[in-house]
Number of protein chains: 4
Amino acid sequence: MGLMTREQYIESLRKLKPTAYMFGERITNIVDNPRLRAGIEATAVTYEVAEKDEYRGLAVTQSPLINEPVNRFTLPPSSIEDLVARVKLNRKVANLVGTCHQRCTGLDCLSSLSIVTYDIDKKYGTKYYENFIKFLKHMQKNDLTGNAAVTDVKGDRSLGPTEQKDRDMYLHVVEKRDDGIVVRGAKAHQTGSLSCHEIIVLPTRALGKGDQDYAVSFAVPADTKGLIHVVGRSSLDTRELDGCDLGNFRYSKYCPTIIFNDVFVPWERVFMCGETEFTSEMVVRFSSFHRQSHGGCKAGKIDCMIGASLTMMDYNGTQKAGHLKQKVIDMIHRAETLYGCCLASSYEGKKEPSGTYFIDTVLANASKIHEGKELSEAMRLMVDICGGYVADLPSDRDFDNSEIGDLLKKYMKGAEGVPVENRVKMFRLVEKMALESADTISDIHGGGSPEAHRVTLFRESDTESKKKLAKRLAGIED
Amino acid sequence: MGLMTREQYIESLRKLKPTAYMFGERITNIVDNPRLRAGIEATAVTYEVAEKDEYRGLAVTQSPLINEPVNRFTLPPSSIEDLVARVKLNRKVANLVGTCHQRCTGLDCLSSLSIVTYDIDKKYGTKYYENFIKFLKHMQKNDLTGNAAVTDVKGDRSLGPTEQKDRDMYLHVVEKRDDGIVVRGAKAHQTGSLSCHEIIVLPTRALGKGDQDYAVSFAVPADTKGLIHVVGRSSLDTRELDGCDLGNFRYSKYCPTIIFNDVFVPWERVFMCGETEFTSEMVVRFSSFHRQSHGGCKAGKIDCMIGASLTMMDYNGTQKAGHLKQKVIDMIHRAETLYGCCLASSYEGKKEPSGTYFIDTVLANASKIHEGKELSEAMRLMVDICGGYVADLPSDRDFDNSEIGDLLKKYMKGAEGVPVENRVKMFRLVEKMALESADTISDIHGGGSPEAHRVTLFRESDTESKKKLAKRLAGIED
Amino acid sequence: MGLMTREQYIESLRKLKPTAYMFGERITNIVDNPRLRAGIEATAVTYEVAEKDEYRGLAVTQSPLINEPVNRFTLPPSSIEDLVARVKLNRKVANLVGTCHQRCTGLDCLSSLSIVTYDIDKKYGTKYYENFIKFLKHMQKNDLTGNAAVTDVKGDRSLGPTEQKDRDMYLHVVEKRDDGIVVRGAKAHQTGSLSCHEIIVLPTRALGKGDQDYAVSFAVPADTKGLIHVVGRSSLDTRELDGCDLGNFRYSKYCPTIIFNDVFVPWERVFMCGETEFTSEMVVRFSSFHRQSHGGCKAGKIDCMIGASLTMMDYNGTQKAGHLKQKVIDMIHRAETLYGCCLASSYEGKKEPSGTYFIDTVLANASKIHEGKELSEAMRLMVDICGGYVADLPSDRDFDNSEIGDLLKKYMKGAEGVPVENRVKMFRLVEKMALESADTISDIHGGGSPEAHRVTLFRESDTESKKKLAKRLAGIED
Amino acid sequence: MGLMTREQYIESLRKLKPTAYMFGERITNIVDNPRLRAGIEATAVTYEVAEKDEYRGLAVTQSPLINEPVNRFTLPPSSIEDLVARVKLNRKVANLVGTCHQRCTGLDCLSSLSIVTYDIDKKYGTKYYENFIKFLKHMQKNDLTGNAAVTDVKGDRSLGPTEQKDRDMYLHVVEKRDDGIVVRGAKAHQTGSLSCHEIIVLPTRALGKGDQDYAVSFAVPADTKGLIHVVGRSSLDTRELDGCDLGNFRYSKYCPTIIFNDVFVPWERVFMCGETEFTSEMVVRFSSFHRQSHGGCKAGKIDCMIGASLTMMDYNGTQKAGHLKQKVIDMIHRAETLYGCCLASSYEGKKEPSGTYFIDTVLANASKIHEGKELSEAMRLMVDICGGYVADLPSDRDFDNSEIGDLLKKYMKGAEGVPVENRVKMFRLVEKMALESADTISDIHGGGSPEAHRVTLFRESDTESKKKLAKRLAGIED
């Protein structure tokens, strides 16, 4: 079939009939629900960039697998160039949507599986890589969007999967049949699970002996039987529903929890089933890829925040204030730090046995640690620069009110020559970028908790060699 | 009349008929509007503490003016002890409401006016202090809540009041009559302007020659003719209206913009009118008092955030994680820093000519600078500790849904023995404390912008004497 | 005898004959050794301030014990006013010396012992308080300087005192005799141990059962038999010896390790001997007092650093650079934060059973945590402001050289009208304040390690009550 | 001649007879002066790495110019690979010396001149590129070390070169002759100017009309007539002279000020003379290259600091303390951030008209901004981890003293099995790395002041395009 256009993508979603709930109600028309649509539109931009000359060179590449042009979001990296393009494309799409585009997690799964299934097969003579390659062709040929289902709900976090009172707190195989497996459990924070075609499941943590039932990876269509999407609330979630005070004119993000209520998976869609000793590798691959995806994406979001800040300075008449310029520099510095570390992690990537390239984990985690702390700081700086009306601007409906609208427009005026509507819109955008919970909290918890990034950084660094350096300098013979 | 009970306070608001708009509609019943009511309830706690034995010693004191017990929120400080009590009371009330209680700004106005009106009269033989004392008696005798109207909308911020194309961008006198003055303009970020009885107006900045019309201070009832309250949007504002997913069970905050559409003020309610050389003092007094109010209050809010974090650790089974405990310590450190600097600014206060005590400005601003940066960090730490469900927890309505409610309750379970409802409620509270814009943005912009706090710190520090110290140590004779 | 003058103090040290080593050599004339003298001069300022009208009100007070005027550095606080004066006096003396004055630790011991010996006696009917009071009278009547010996060398830090292979790694009693005890061990970082008259020993950590021999406190003259002072190196230690490139014209700091090589202590000088359950209290009292001493002192040092920075801006012609002014504000903010938290910890002090007042521990530790991180930052800012010549300014001897001196003076010239000598002196002072190890490292490790401050903050905070606040707000019934 | 060995390099310096002063005395034997030698040894490592198999692949490459293998420190980058190797080589050499190796500045000059002289010639038909290429061949063929002389002493920093009362405050041409030019002025912070063969002068700032005499670039031998090196003091400078308490066993850093007291430069060594409009480009090229050199180098120094910290944890028995491990992670994070941004700036480099490759300036400055702030923090963390004896460890001479040496060795013992000598040596190394002024202050001021890095970051970022992104998202048509 080949690359989809934006419209084809949206139409393709209409054909799916997922089980979805929001605000306690069943949602049957996903695509036309304004809140979900705003998320779908963000993902749609990953299709648009493949259509436009300006971005096509970055967004589209030839697949060595199917020997056709494919969207990069379906391509496990097979060169350093591919690793670098990941970062640049994520920044660019984030520039266009100003939020999460929601298609990176699927790619991060495909990339990880293309390494690990190969490694498992090599050891056990299984057929996971074959299954995976077949699935990958399906994704590439039809230009599909995948969605990573990784984070189990975990119950009591001091206990492992089999120690939980309710053993369903981590997704696991409850039945093995001739034609496939049946799985049960729930995965949290499934950004865009209703904007995708396929849900790709990976284990959320390294597993040990006795945990075999939890060592499972597979893919199922987003509307497969027994799969329930419950869209969680986010801080500004009624804005899209009301169609008013949007901030971001077209794009947004939503995050369901998805429940696998005894879902059947045919064997040809299974990529791991019981090989606990490969779970650690799977987690490291996926989380590293995903932390790197964040680096490009969030640098791109800060670009939008910088742009909003500078525009608001123009609108407020504060464009010459030295202290505000210093704050903009602090924002730029944060964006480029994320980006620089991620780019470096790409350029320093290495080829794995399957042929897929893997990034430098240390540098990818270095970037993510900055994100976890500094995105919040960038938001604070943006709010500082833009002013108090980020907190409490009257509604568009107030501006439209016949009794008070004109008074509000009079008093909300900023610098001469700037239409008051523009200033109002920019305040709304700043509010959206600073305070939309679904997006902002992924800065902290996306790709694992901040502590996970730190532990990885330590573990992957060669600390013993550093001790030797110090001893040599001190004149200590060891 | 004397101290009001919580119920009397709420009933007293029913008697007022302010002109108010929200979401583009006129609101006539303020008290029973769920969103406004959540704010009113927060202010009501300042009345409740005066009733309860546990807090009464802190909340109630004898007024030397009317010789009756009064609520501290109507008492300009007449001793160091009063200055200290301000901080402790603000922290305590914040502990109880977990957000802004919205009654401090009125007190900060009363405190400032009790100093500055005296100083003006001394120079000009005017009657402002007399006017003010009469007004103060009215406030104390009836236990009223005042609301500070300070922040003009400002138009182009690179221009002064008279340089604006539209000269109404700063509130000013448009007519002087025998019986009073008529004023026009708009004031932004009027937290709780519909929860109060009296609006007290101060100029927002130091003014110079030619700005006489803008050098105006006065008080009017919240429902005075020509005064329009437009309640701005905040990030979680539809939650109270929906009565669902509240987070903070009872309290919230709302922030109107108020428009003075040619409002008449009788002379006896005027506290400054044209004395531009006292505007600087007025701004410094008010902003210092208000920055200090923040220190107590926000320390109290961090207490709630710490409590939520520790409780969530219990609920998640992460109470033994060393890295999370370190983050809690970081939160405690921030709370105590705000509190310590504010307490010190009280203890180091000085008596002014009118008899009112004024705080140490340097220390009050030192506290506020921390708030502007560190509250955001405390929120980030809380979200880090509590986990990703702050972003996207399903709605209470989902939990109540007959098809998926039980599944959700099963999968949202945390540590054994903790009712899932409690964990859900605590996630909601964390979401509220981290992401409610009306409250969180006051950390940054309340009491003036961050740069204003810094400039004040520099100006009020004796930098010349520090140069002398250094020269003496270096052996330089000057 | 009464208050000593500066000269009397220095002469009083001549009478002592301590065993001292430095750079591998025995030092017999302490007072005239230029390096030690620079430290003695710093302590001498604590005597000078008692002589001068400008400071006398702060430095001298009436002792309720001996009913004579005494230097505050010999007075356990017996009122809130005394607690506050501690902080202000420390800041003032630091302003005058620009480094550590080295007399606070003795006072911190006296203050702690005046609480804990009383408490021990109350429980055990011992005579420690009587011993202590007698010792205190001796200190006050003769205006002596005490020196706290607290930090044991500790050997393997993962092991307790009795677990060490060499049991002398913590100071302990090796013999009990009728007339007294014999002790052995070593104490590290004994700032000013040769500038003092009496060494006051406290245990360094809380001790348990079986550690009785280590639970020992006493005082001995600085030149008691068996006591060896080994003056450690510091980064700029040869400057005073060379009498060249001093930076700080008169004052400095030195830190010996002292070894108790079987030192005899008469019973009347013993303040604790075996009461392990009081060691925890002793450590908390002392460390809290000492952390608070730091707050006043280091705020005073930052004052000097601010003065040096602003003066250098004058000298370099950069006084109008906005970004440098911002950095000065950052320095002021740090100074006032330390000071504010410490002042508050004084004002919030409480009376102990013995009549001595004790500070608020939480606030004192809040201050110290800032010191441990922010002094280093203040130094960085100072160096940033002042410029690269802090690193590598030619020597005074180069400036005096007949061949190159004039060329150097020509090229080191800054702003017109500033003598080049002054600019050179100021660079040297900045170098001294930024890079003198003995002083700068006490910012980090003085009063216990940074982690100790944090653990104390957590332990002393009422975290359970904070959980209750959060539960109430969330609507959780417990 | 080809690559020199370590010994040949040191011997080559013996042939030079520079005019040098230190501590007010003329130094004639540079190579055997222990302080200068420690610096020379650091540079010597850049020759050693070219000899050793382990490093040769990184350190040696084929010069396209002379068609021979050359040391990378004489090679302007002619490919992305060369740009990347710069960073990796700097990190590696820093790993080996634990301080500044002092050969990067010369390379940064060569790299900049290879771009800018070409550009000038293209515009003006001058012969600077030809001169430069001849000079470059000389450097490559003889494997020489160059030293960048950039930072003028500047006098009153609020004034430009020609506004200074003494016009020599910036180096300038005082005479043009047929055979060359005569220059006068002084350059500060000339790290390693006595360890090099050639001094390469560039202007320190962008110049305008009327500043022609200051727009001058050239190279002269380090011992050219009229050139005076005055070695400045650094904080630990007497340690090498004493041969005791070194810390870093073999390597150190020294920084002269050099005075051009009417130095003659033949025309063939002149690379710019009067072309003011190219000074801005020269400054940007050099400072960008040099800021990037820092990133690799300082990451390598942090590696040594991490190694020292972890080793000290082993020695102190604190290797299991979780809070210390967190601090090590903070150090690793800083190292990898510097490194990542610098690597990315290389990989994103571009080819200039002359064929030389230039790095991405934004990313190089992003790295340097981190260095200016975070190296100081890394040092603080190292000192925190290692303990208070960094401040005041007794001298090696004390340990050697027959009376107290054994006592000291007894009490300085750490964990069982660790020779006390090793612990002492490691403390000394930490002292050296934390407190050696010549090295540590280059973190702040090396490659221009911190503000310069920030201004560059802003100027080189495309801020206008970011505004457009924000406006599009907000729905604003411009």
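Contact here means heavy atoms within 4.5 Å. Keep that cut-off in your viewer as we walk through this predicted model.

Start at the boundary between chains A and B. Select every residue of one chain that meets the other: you should pick up 83 residues from chain A and 83 residues from chain B. Together the two chains bury about 6800 Å² there, and carbon and sulfur atoms give 56% of that area. Now highlight A:Arg233, A:Arg380 and A:Tyr411; this trio supplies 12% of the area that chain A buries against chain B, more than any other three residues.

Next, turn on polar interactions across the same boundary. There are ten salt bridges between chain A and chain B. For one of them, zoom in on B:Lys410 and A:Asp168, where the closest N and O atoms are 2.7 Å apart. Which helix of chain A gives the most to the side that touches chain B? Select residues 361-386, helix H10, which contributes seven residues. Colour that whole side of chain A by residue type and you will find 32 nonpolar, 25 polar and 26 charged residues.

Now go inside. The largest nonpolar core has 316 residues, and those with the most contacts within it are Ile199, Phe218 and Phe260 of chain A, along with D:Ile199, D:Phe218 and D:Phe260. Centre on A:Phe260: among the residues it touches are A:Ile199, A:Phe218, A:Leu171 and A:Val183, as well as B:Tyr411 from the neighbouring chain.

For a last stop, select A:Met312, B:Ile10, B:Val216 and D:Ala59, which are included in a second, separate core of 315 residues.

How values were computed:
Residues numbered from 1 in each chain as written. Chains lettered and ligands numbered in written order. Predicted model: local features only at pLDDT ≥ 70, side-chain atom pairs only at ≥ 80, totals over all residues. Heavy atoms only, no water. Core = buried A, V, L, I, M, F, W, Y, C linked by side-chain atoms within 4.5 Å. Buried < 20%, exposed > 50% of the residue type's maximum accessible area, 1.4 Å probe, protein only. Buried area = accessible area lost by both parts, 1.4 Å probe. Salt bridge = Lys/Arg side-chain N within 4 Å of Asp/Glu carboxyl O. Helix = DSSP H or I, 4+ residues; strand = E, 2+ residues; numbered from the N terminus. Nonpolar A, V, L, I, M, F, W, Y, C, P; charged D, E, K, R; others polar. Lists of a residue's contacts leave out its neighbours within four places in sequence.
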